[in-house]
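Visitor: Could you walk me through the model I am about to open? I will ask as I go.

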2 protein chains.
Amino acid sequence: MSVDQVLAALIDHTLLRPDALAGEVDKLCDEARAFGFRTVCVQPVHVARAARALARSAVGVTAVVGFPHGANMTDTKVFEARRALDDGATEIDMVANLGWIREGEDAAVTDEVARVVTIAASVGATVKVILETALFFDERKEAAARAAIAGGAAFVKTATGYGPGGATVADVLLLRRVVADAAGVKASGGIKTRAQALALVAAGANRIGASGSVALVAI
Amino acid sequence: MSVDQVLAALIDHTLLRPDALAGEVDKLCDEARAFGFRTVCVQPVHVARAARALARSAVGVTAVVGFPHGANMTDTKVFEARRALDDGATEIDMVANLGWIREGEDAAVTDEVARVVTIAASVGATVKVILETALFFDERKEAAARAAIAGGAAFVKTATGYGPGGATVADVLLLRRVVADAAGVKASGGIKTRAQALALVAAGANRIGASGSVALVAI
């Protein structure tokens, strides 16, 4: 297995532009199959199409939930997650309630994550929790990561790609230190080069989210 | 009545930062009451708090739905709108499915809007439809505005404030020309000065969305 193949298997091949076209979703799925990416990561409205396109493949489908602001009611996130799972999602990338993270309402963050994890676990799906790390000081990043893990998150994830900053080596090191072996760390947001992706993996990321994924593995 | 008061009554006083604090919502509501703004515009997670704060006032509560990407399933938007109305929202600002606008799936846009309008109408609430006009050529903007009105929208609205551009005089003129007297036009996105707000009203806007609203009326 080449480094390209190892890296490809860590990548959620991502298309979250709000005005994405059906044909672009098809191309994303074709690329994911051709390059051996782990999943495609799409908006809820595209989950069913991606799941059909990837039905007879090893590529999963990640649906975002509460994306990109996370300021929806918990019931709405649960509803959206359930629908995405019904539509064929194998993984859920939910945005945490960022106001609660800022307020220090860590128990509320945990409870919300647990609600979505319960739904996902019933069909064997993985939940990643987006913390939008660029918004917060380290103490809040650490507390948010602990809160997400306490709620049963399989991964903590850096950024939506629509916030004030993306994945940094410093944030991945911080998240990996906090979650240790208890969960995964997904680096996402602004990952455009192979060198950047490899540095994030070296820092502790075991999943990478990128829209320009082909450029990361095909050089 | 002064021009300040006329302008204030057109303004949705807006706080949509995804990490907004409860105390900031309280301040928003206090300002809305003091300056006579039309509504406060908040994320779903803050609707109940704002509705309690404004219960004995003339200020309404606008809840955003499917915000800011609009790439949620229609069922999720309906669920989120119903919950916001239950929580006390008097107006719903929903983001249209921007992929459908780009694809030319105008009938689908209409059907989705009609689903939310039906829910809102049952409690006498107003629905505005955000078209994220900066994403599209004029033909698509016009078709999207027609589609929203066909679905029963009370207003078409320019921008989320999180897209590639905000309210422009050109877009407001276009939207007003398309909807004529059949609906309102809400200008939103990057409105920071009184002169800008007045120019947008002159172009045909009868609602203004702004987060720095106090600076628009208190000079």
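What follows is a chat about pockets, chain symmetry and aromatic pairs.

Guide: Before we start, this is a predicted model, in which local features need pLDDT of at least 70, side-chain atom pairs count only at pLDDT 80 or more, and totals for chains, interfaces and linings use all residues. Residues are numbered from 1 along each chain as its sequence is written, chains are lettered from A and ligands numbered from 1 in the order in which they are written, and side-chain values use heavy atoms, with hydrogens and water left out.

Visitor: OK, what volume does the largest pocket have?

Guide: The volume is about 530 Å³, a pocket being an open set of points on a 1 Å grid, where a 1.4 Å probe fits, with protein on both sides within 12 Å along at least five of seven lines. Of its 26 lining residues (those with an atom within 4 Å of a point), Thr14(A), Leu15(A), Ala210(A), Ser211(A) and Gly212(A) are the closest to the centre.

Visitor: And which element gives the most to that lining?

Guide: That is α2(A), with 4 residues; the elements supplying at least two residues each are β1 (11-15), α2 (22-35), β7 (184-188), β8 (207-210) and α10 (213-217) of chain A. Helices (H or I, at least four residues) and strands (E, at least two) are DSSP runs here.

Visitor: What about the second largest pocket, which residues lie nearest its centre?

Guide: Thr14(B), Thr160(B), Gly161(B), Ala210(B) and Ser211(B) do, out of 20 lining residues, and the volume of this pocket is about 340 Å³.

Visitor: Switching topic, what rotation superposes chain A on chain B?

Guide: A rotation of 180° with 0.0 Å of shift along its axis does so, at an RMSD of 0.0 Å, the fit being by least squares on C-alpha atoms of residues with pLDDT of at least 70 in both copies. That is the relation of a two-fold axis.

Visitor: How many aromatic pairs are there over all chains?

Guide: There are 5, where rings of Phe, Tyr and Trp (its six-membered ring) pair if their centres lie within 6.5 Å. One of them joins Phe35(A) and Phe37(A), at 5.8 Å centre to centre with 25° between the planes, and it is stacked, a label for planes under 30 degrees apart.

Visitor: Is Phe37(A) buried or exposed?

Guide: Phe37(A) counts as buried, at 3% relative accessibility, while Phe35(A) is partly exposed, at 33%. Buried means under 20% relative accessible area, exposed over 50%, and partly exposed in between, with a 1.4 Å probe and protein chains only.

Definitions and conventions
Grid points are joined across faces, edges and corners, and a volume is the space filled by probe spheres set on the points. Rings of Phe, Tyr and Trp (its six-membered ring) pair if their centres lie within 6.5 Å; planes under 30 degrees apart count as stacked, over 60 as edge-to-face and the rest as tilted.
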